[in-house]
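Let's take a walk through this model together, beginning with a single side chain and working outward. Keep the viewer open as you read.

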Amino acid sequence: MEQTIKLQIDHHEVEVPKGTSILDAARGTGIHVPSLCYMNLQDMCISNLPASCRICVVEVEGRRNLAPACATRCEEGMKVRTTTARVMNAQRTVLELILSDHPTDCLVCPKSGNCDLQAMAVRLKIRDIPFKGERSNHVKESSPSIIRDMSKCIYCRRCEMMCNKVQTVGALTAVNRGFGATISPAFGQPLSESECTYCGQCVAVCPVGALTENDQSNRLLDDLANPAKTVIVQTAPAVRAALGEEFDLPAGTAVTGKMVAALREMGFDKVFDTDFAADLTIMEEGSELLDRLTRFLGGDKRVALPILTSCCPAWVNFFEHYFPDILDIPSSARSPQQMFGSIAKSWWARQAGVKREDLVVVSIMPCLAKKYECARDEFKVDGDPDVNYSLTTRELASLIKRYNIDFNALPDADFDNPMGESTGAGVIFGTSGGVMEAALRTAYELHTGKTLENVNFESVRGMKGIKKATVDLGGFELKIGIAHGLGNARTLLEEIREKRSEYHAIEIMACPGGCIGGGGQPLHHGDSARLKARSNALYAEDAGKKSRKSHENPYIIHLYEEFLGKPIGEKAHHLLHTSYFNKSKEIIEQ
Amino acid sequence: MSYKMHVLVCGGTGCRASNSLGIIAKLEEALKENNLAGEVQVIATGCFGFCEQGPIVKIMPDNTFYTRVTPNDAAEIVKEHIIKGRKVERLLYKDPKQQASVSDSRHMGFYQKQLRVALRNCGFIDPENIEEYISRDGYAALAKCVSEMTPQEVVNEIKLSGLRGRGGGGFPTGLKWEFASKYQSDQKYVVCNADEGDPGAFMDRSIMEGDPHSVIEAMAICGYSIGASKGLVYIRAEYPLAIQRLKIALQQAREYGLLGEGILGSDFSFSIELRYGAGAFVCGEETALIHSMEGARGEPTMKPPFPAEAGYLNRPTNVNNVETLANIPVIITKGANWFNKIGTERSKGTKVFALAGKINNVGLIEVPMGTTLREVIYEIGGGIKHGKRFKAVQTGGPSGGCLTEKHLDVPIDFDNLLASGSMMGSGGMIVMDEDDCMVAVAKFYLDFTVEESCGKCTPCRVGNKRLYEILDKISRGNGEMEDIDRLRNLGKVIKDTALCGLGQTSPNPVLSTLDNFLDEYLVHINARKCPAGRCKELLSYVIDPQLCIGCTLCMRTCPTEAIIGERKVPHTIDTDKCIKCGTCVEKCKFKAISVR
């Protein structure tokens with residue numbers, strides 16, 4: 001039996017399991033002790049507990065100093081007071097100190113209204129900052145995906161924890177000391193010259209405006225207003241599962257129809273779906289998997305296995321930085337965003353009679369790395385990018401508001417065709433395990449020639465960091481692995497590098513939870529239940545789809561018949577596949 | 001070979017900086033010339049403590065104590081003292097009060113009140129020769145532990161001794177060992193905290209330079225008692241001599257089978273490695289120290305878990321300071337009951353202090369706990385320099401407090417210092433006189449903690465900075481009455497909320513000076529004056545027209561041309577231009593320029 005501990009918090013007798021923090025014990029009994037640096041994504045086993053902001057201090061009888069509730073474990077018979085004059089004065093003073101080193105430019109800050117520090121100042125009713133003195137002054141820096149404004153940093157260390165402990169990227173770290181302490185890439189180099197993968201998890205957890213996306217929504221305003229341009233949009237699967245949160249809908253409300261209606265209201269010429277391209281990805285990636293497997297089973301020892309998915313641009317950056325020795329392992333298939341762009345600016349443009357230079361392809365993504373991805377040189381034709389630019393779910397929400405749209409009152413609308421039609425397989429791309437599940441549905445039928453009756457692969461779903469499963473492909477035991485979060489990916493990658501990997505195929509998503517937890521999504525504010533709800537919304541949409549297998553998408557079939565030929569054929573190779581580059585920063589001793 | 005006489009020359013960092021190695025060379029040369037090399041041995045020892053008077057040369061067996069010796073004195077010492085038996089009068093120590101020479105170190109005020117336990121071998125033995133350590137009962141304690149005592153008995157003995165951590169916290173050492181011994185693990189570690197960082201404190205360095213084996217022996221004893229087979233010394237890289245001597249000592253201990261596998265025929269094995277710190281003050285905090293050793297950023301983390309549970313590489317780790325460890329071997333050989341008779345009820349044994357500031361006998365001293373500040377300052381320290389008036393004494397390093405006249409008869413121990421608003425710290429003791437401004441003193445220490453804060457927690461990162469800025473404002477004559485409350489409240493909150501010992505103590509200099517010298521703050525704020533004349537911005541230089549004869553000397557030397565006037569007419573100072581450098585005061589032959 002679990003050992004429990006009895007203690008008193010503000011005259012409440014509380015009983016909690018051993019090891020519980022005072023903060024959790026208090027909140028469990030309805031006493032909401034304020035906190036700032038602390039963050040706990042329980043379902044993901046991700047927590048930030050530096051105990052450094054000192055906002056959550058409480059008085060523990062018999063102790064000389066105040067104790068941080070987040071990092072102090074409950075003890076038998078403890079007497080905790082959370083609202084004594086001493087505690088409230090300390091909280092207030094600590095917050096005043098933080099604010100005394102913060103540019104109070106809330107009115108024009110990108111985080112205004114969504115900022116934990118601002119909320120805390122409101123909550124503690126700060127009306128004046130009595131401490132006047134020097135302010136940290138750091139140069140604002142911008143990369144294709146992320147803007148860093150360290151003058152706003154409150155040194156909560158969440159980004160550092162995400163970048164190092166969860167993602168094992170190591171781009172951001174604490175530097176300098178005392179008042180000059182800040183978070184920075186090594187040697188103060190810009191993010192774009194560091195190992196940063198642009199996964200955006202630092203942005204997803206930043207409580208203030210220190211780390212934000214490189215906002216490009218103003219570009220869209222110009223393009224939509226330009227009559228010479230045909231502007232089309234694609235929306236990633238995870239966007240529809242989270243966008244509603246920005247309009248106060250409960251997490252997990254799928255708003256696909258309203259989103260389409262809003263985009264049409266805004267003036268896009270066509271509203272398409274990245275899910276269509278996800279189905280296309282499955283055709284290519286699934287065929288590549290089967291091709292490698294067939295060759296492998298035929299005795300070809302040179303075949304690179306396991307095959308790794310390549311839909312996630314942060315993940316691509318990660319292996320280009322850290323595993324340049326095994327660049328032949330990942331699938332060469334482009335991501336759905338880029339497949340969409342490539343097909344839109346070739347096949348669709350010709351069909352629609354739009355000249356390439358007049359066509360603007362915009363993507364709405366849950367992701368910050370997508371901003372970088374669409375700017376990669378490989379995805380340009382004569383300097384013109386296949387996808388012109390990518391906006392996040394958050395940027396879309398703010399645009400919808402700027403276009404005077406009452407989102408919640410919108411009637412549902414349908415995507416345009418041909419590139420708006422998708423199967424359930426394309427929908428679940430947005431959550432960890434989804435790409436693999438979609439691939440299995442198609443690979444099974446293509447490989448065995450039989451119909452797959454139960455399309456739900458429960459073993460690849462859920463929030464466990466590394467998932468593994470064995471699937472019977474008509475007598476062949478296909479071993480698959482799934483990792484979300486780059487730290488988990490590294491574990492699987494190292495197994496491959498050391499030649500002890502047991503898998504044939506691996507799905508990797510850089511963000512914890514997959515795209516539903518992407519760096520461009522509405523902020524979760526440390527609530528992992530939101531991520532779970534988003535994931536469930538996608539599985540529900542999949543379950544409600546007429547077709548749930550990518551190869552059954554009639555427009556995909558049509559596209560191959562009319563334009564592409566065969567999956568992984570020559571034209572497909574030219575338009576839908578890519579190659580990878582060594583971006584290692586490692587200094588190799590001669 | 002046995003020698004008739006020994007010449008002990010201080011080989012500590014301080015005396016070496018004053019060329020004590022040159023003295024040794026010249027002494028050896030002179031002895032050789034006189035064919036005495038076989039009869040008189042010259043030994044480079046560790047620090048004698050009386051650094052004010054260094055380099056020190058001591059002749060044994062008669063305890064003659066020569067001060068401020070230069071290499072040129074070597075020949076005379078050999079010719080007069082060693083050959084003719086006549087003391088070199090001019091090199092003897094002169095008591096500042098009696099003005100008489102004292103030849104025997106045992107009769108010097110500086111040493112009379114001292115009791116050297118941790119420093120027992122410093123200044124007596126050649127730290128680079130393990131035989132000398134062994135000849136003074138060295139490694140007998142380790143032998144006793146591994147052959148006669150169980151690990152629990154060793155823990156019990158240390159507990160019974162009442163020894164408390166000398167690094168600053170004063171936590172009972174035996175209890176710490178017991179915690180570490182209780183946790184099970186495939187590997188445990190003993191860490192020696194040699195990251196001495198208090199400005200002006202050098203007791204740990206002196207012990208490692210003068211008696212490195214005592215630290216090594218104690219670490220092995222600790223390893224035996226807690227079940228650790230690995231030891232690490234975290235030492236700052238700025239201590240090259242200590243590092244060199246530790247390296248030599250470790251090599252010798254390994255050669256003698258006192259470190260390594262199966263020590264002294266037992267089944268106890270223990271090895272020690274050195275780890276170098278880059279000199280961050282906060283790395284003296286044990287969790288920060290451990291993170292630094294692991295290769296991570298040197299910043300503290302919350303306790304619990306304590307290092308005893310999850311320390312270096314997440315294994316049970318016992319961290320002790322150098323001075324604490326130096327006490328261990330004697331406690332084992334002489335017994336806990338010998339040790340716990342020294343000192344006060346709750347603070348046993350002795351404490352080493354680095355005595356500095358406006359005091360006659362600057363140096364390293366060791367006194368029994370319970371000695372009063374008055375005894376330390378006036379008897380050992382020989383009183384205030386130049387007969388000035390005592391004003392305050394800062395104990396506990398940069399995070400200690402300033403104590404005053406009324407605290408002079410407080411017996412020094414952990415609890416009394418804390419109750420008086422200061423702390424033991426690692427043993428810095430800086431004496432101040434009437435010329436010291438307490439606002440400036442508080443500002444000086446805050447400047448240090450602001451510089452040395454790791455920046456992790458808000459109160460220390462931002463709070464100390466703001467404390468400093470308020471002090472700076474007051475010292476520039478821009479203070480307001482509200483600043484007093486602001487300082488008090490902020491100081492209290494920082495102490496109450498900071499993450500580690502650094503932040504929890506950093507406001508002490510401000511709070512204690514506010515308590516003891518409030519008037520001085522008020523003068524700075526209300527009258528915009530600095531009574532001690534230290535706060536530059538509050539000073540003005542004035543020429544007395546009665547005394548000035550108009551010689552123009554000051555005018556010609558003023559670097560900013562702030563002095564105006566004509567020949568033979570009294571000059572005046574343009575205060576806007578004056579940078580208060582003091583050159584004019586120095587140059588004026590008529591004492592016509594004064595500071596107000």
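A good place to start is B:Leu27 in this predicted model. Leaving aside residues up to four places away in sequence, B:Leu27 touches B:Val7, B:Val9, B:Val42, B:Ala74, B:Ile77 and B:Val78. One of these neighbours, B:Val9, shares a distinction with B:Leu27: both are listed among the residues that touch the most other members of the largest nonpolar core, a set of 348 residues. The list also includes B:Val215, B:Met219 and B:Ile221, and from the other chain A:Val58 and A:Trp315. Helix H10 of chain B, residues 212-226, gives this core its largest share, with nine residues. There is also a second, separate core of 12 residues, and B:Ile543, B:Ala562, B:Ile563 and B:Ile593 belong to it.

Now step back to look at chain B as a whole. You will find 24 helices and 19 strands in chain B. Its C-alpha atoms fill a box of roughly 90 × 65 × 40 Å along the principal axes. How does the radius of gyration of chain B fit with a compact globule? For 596 residues such a globule would have a value near 25 Å, and the 27 Å of chain B agrees with that. Of those 596 residues, 56% count as buried. If you take the contacts in chain B between residues at least 6 apart in sequence, 71% of them join residues at least 24 apart.

Next, the domains. The assignment divides chain B into domain 1 (5-108), domain 2 (130-339), domain 3 (350-433), domain 4 (438-527) and domain 5 (540-595). Let's pause at one pair: the centres of domain 3 and domain 4 of chain B, taken over C-alpha atoms, are 22 Å apart. Where these two meet, 11 residues of domain 3 of chain B are in contact with 15 residues of domain 4 of chain B. On the domain 3 side, strand E14 of chain B (residues 401-404) gives the most, with three residues. That side of domain 3 of chain B is made up of five nonpolar and six polar residues, with no charged ones.

Finally, turn to the place where the two chains meet. Chain A brings 27 residues to the contact and chain B brings 26. On the chain A side, helix H2 of chain A (residues 85-100) supplies the largest share, seven residues. The chain A side as a whole divides into 16 nonpolar, seven polar and four charged residues.

Key:
Residues are numbered from 1 along each chain as its sequence is written. Chains are lettered from A and ligands numbered from 1 in the order in which they are written. This is a predicted model: local features need pLDDT of at least 70, side-chain atom pairs count only at pLDDT 80 or more; totals for chains, interfaces and linings use all residues. Domain bounds come from an automatic or database domain assignment. Two residues are in contact if their C-beta atoms, placed from the backbone, lie within 7 Å. Helices (H or I, at least four residues) and strands (E, at least two) are DSSP runs, numbered from the N terminus. Ala, Val, Leu, Ile, Met, Phe, Trp, Tyr, Cys and Pro count as nonpolar, Asp, Glu, Lys and Arg as charged, and the others, Gly among them, as polar. The radius of gyration is taken over C-alpha atoms; the globule rule is 2.2 Å times the number of residues to the power 0.38. A residue is buried if 20 or more other C-beta atoms lie within 10 Å of its own, exposed if 12 or fewer, and partly exposed in between; C-beta atoms are placed from the backbone. A nonpolar core is a set of buried Ala, Val, Leu, Ile, Met, Phe, Trp, Tyr and Cys residues joined through C-beta atoms within 7 Å.
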